[in-house]
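Student: Before I use the words buried, pocket and disulfide for this protein, I would like to see how each one is justified. Could we go through them with the structure in view?

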2 protein chains.
Amino acid sequence: MITIEKIRDMKRKIDELKNAGKKIGFVPTMGYLHKGHLSLVEISKSISDITIVSIYVNPKQFLPGEDFERYPRDIKRDKDLLVEAGCDILFLPDDNEMYPEGYLTYVSVQKLSKILCGHSRPGHFDGVTTVVLKLFNIVKPDYAIFGEKDYQQLIIIKKMVQDLNLDVKIIPGKIIREEDGLAMSSRNVYLSKEEREQALCLYKSLNLAKDLVKNGLKDTEKIISEINNFIKKFDKAEIDYVKIVDSENLEELKEIKDRARLLLAVRIGKTRLIDNCELSL
Amino acid sequence: MITIEKIRDMKRKIDELKNAGKKIGFVPTMGYLHKGHLSLVEISKSISDITIVSIYVNPKQFLPGEDFERYPRDIKRDKDLLVEAGCDILFLPDDNEMYPEGYLTYVSVQKLSKILCGHSRPGHFDGVTTVVLKLFNIVKPDYAIFGEKDYQQLIIIKKMVQDLNLDVKIIPGKIIREEDGLAMSSRNVYLSKEEREQALCLYKSLNLAKDLVKNGLKDTEKIISEINNFIKKFDKAEIDYVKIVDSENLEELKEIKDRARLLLAVRIGKTRLIDNCELSL
């Protein structure tokens, strides 16, 4: 695996690979890699000639007061994991490369970026779309793989790609879970032992909803109410939102139909966790 | 010259040209072409293998109440002019191609898009950057040529290209004028005979400022005051702004220095005209 830190060097390398007819798969990350990220690398390897992973903790997608400063970082460990996973190129730019002094340009996907997590974290998704567009312009991937854990992010990126006529194909990767069901996240490291136990309320809520739907309940208001009541039993859990939406356009649904998706955001202590699943009839 | 209306067809053609190693020059326009546009085509031809011109009256860069509906259009005449100028490909998309139902994504260059024309026309430049980014993603030009008449637009596009790590090189084209000095513009067709005469106050203001600077005046406030007094003598002219700015970052200057640029926007009757020039010591 080679590591490239400069945008200019990355572009030169990409030109070389494109000229040689290589198909490029790309996995953008903020590092502190776990099996979720590595599953995306695996998908990329299965469909591309060259797999590029970027590690960049993007300051523009953190709000003031959020965890940008303490976001976990361990580049040495990340590099070892990427070598083992068969990543070809690590792109590792710094802030000065990505946002030099006087930076002014932002991309925004209206409506979709204002709801759900965007409602609790205003400006977050503009930071995401801006950095992802920049990375796409630098890496010029044929495929970019995004995990379904950040489901709203996946939908917003797909919409940006469609609207801006980009050539990259967005590939979703399934949520990877700990043995007990907690969705893998770099932020899980923030959890105390007790919080780690209570964090399971997210996964259990997904299963509760699936059971309710399996038993014939279609009224989303009732399903959401059951989940709210269930999560309230966990004293360290504070619900940010519980929504059932159309899995393509994220519009709230009154009744379960073909493309329903349950999305959760719950604060466990000071740590905000998200999870989601399909709800099919 | 071939005409392409669909984005998909354009992308396929571009792939073919890129694979053949052709350098692509691109001139985005809103049509109703004049010698200013054709001079940009000429520049493109001198530096590229293939010259592509787009004609698209972009609704997103007109504000409610502006002249989108009555903006002059004459595709037949435009095609004849482009054939004569040696354009290779005309890209002629419609609104449904560019902004299909449910379109949501916008690009914005902060600060630069809020001042000068952006102050009088809020949202205008977001419409410009959005459509230009889309066109760049479709046409993938090596060079894109923009006239200096829309000087603020040129600076904003350059900033977007730099910030978003795009590969296109932006080439400026000099202002082309009528024999008496009026800067060519598709909007000149709106002017009555009397307005057409008074519209010369813009060009004359540029010359007045150049003379003042040549005679040693460096204080921009005094130069601007002289121009204001001069334009006030024209009864159909209403000043929108008269500013002297740094020609790279558009910041207002107190004193003429190396990179000074005079920018004017003046309403002649109902028609808003702009013009600009360098002011050098």
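The tutor and the student now take the terms in turn.

Tutor: This is a predicted model, in which local features need pLDDT of at least 70 and side-chain atom pairs count only at pLDDT 80 or more, whereas totals for chains, interfaces and linings use all residues. Residues are numbered from 1 along each chain as its sequence is written, chains are lettered from A in the order in which they are written, and side-chain values use heavy atoms, with hydrogens and water left out.

Student: Why is B:Gly36 called buried?

Tutor: Buried means under 20% relative accessible area, exposed over 50%, and partly exposed in between, with a 1.4 Å probe and protein chains only. B:Gly36 has a relative accessible area of 12%, so it is buried. The residue sits in helix 2 of chain B, residues 35–47, where helices are DSSP runs of H or I with at least four residues, numbered from the N terminus.

Student: What does B:Gly36 touch, leaving aside residues up to four places away in sequence?

Tutor: With contact taken as heavy atoms within 4.5 Å, B:Gly36 touches B:Ile176 and B:Met184.

Student: How do you know that B:Cys117 is in no disulfide?

Tutor: A disulfide is a pair of cysteine sulfur atoms within 2.5 Å. The closest cysteine sulfur to that of B:Cys117, in B:Cys201, is 15 Å away and therefore too far for a bond. Over all chains the structure holds zero disulfides, and for A:Cys117 the nearest cysteine sulfur, that of A:Cys277, is 15 Å away.

Student: Is A:Cys117 buried or exposed?

Tutor: A:Cys117 has a relative accessible area of 7%, so it counts as buried.

Student: What makes a space a pocket and not a cavity?

Tutor: On a 1 Å grid over the protein atoms alone, a cavity is a set of points where a 1.4 Å probe fits but cannot get out, while a pocket is an open set with protein on both sides within 12 Å along at least five of seven lines; lining residues have an atom within 4 Å of a point. The largest pocket here has a volume of about 1,600 Å³, and of the 39 residues that line this pocket, the closest to its centre are A:Lys18, A:Lys140, B:Lys18, B:Lys140 and B:Asp167.

Student: Which helix gives the most to the lining of the largest pocket?

Tutor: Helix 1 of chain A does, with seven residues.

How values were computed: Points joined across faces, edges and corners; volume = space filled by probe spheres on them. Helix = DSSP H or I, 4+ residues; strand = E, 2+ residues; numbered from the N terminus.
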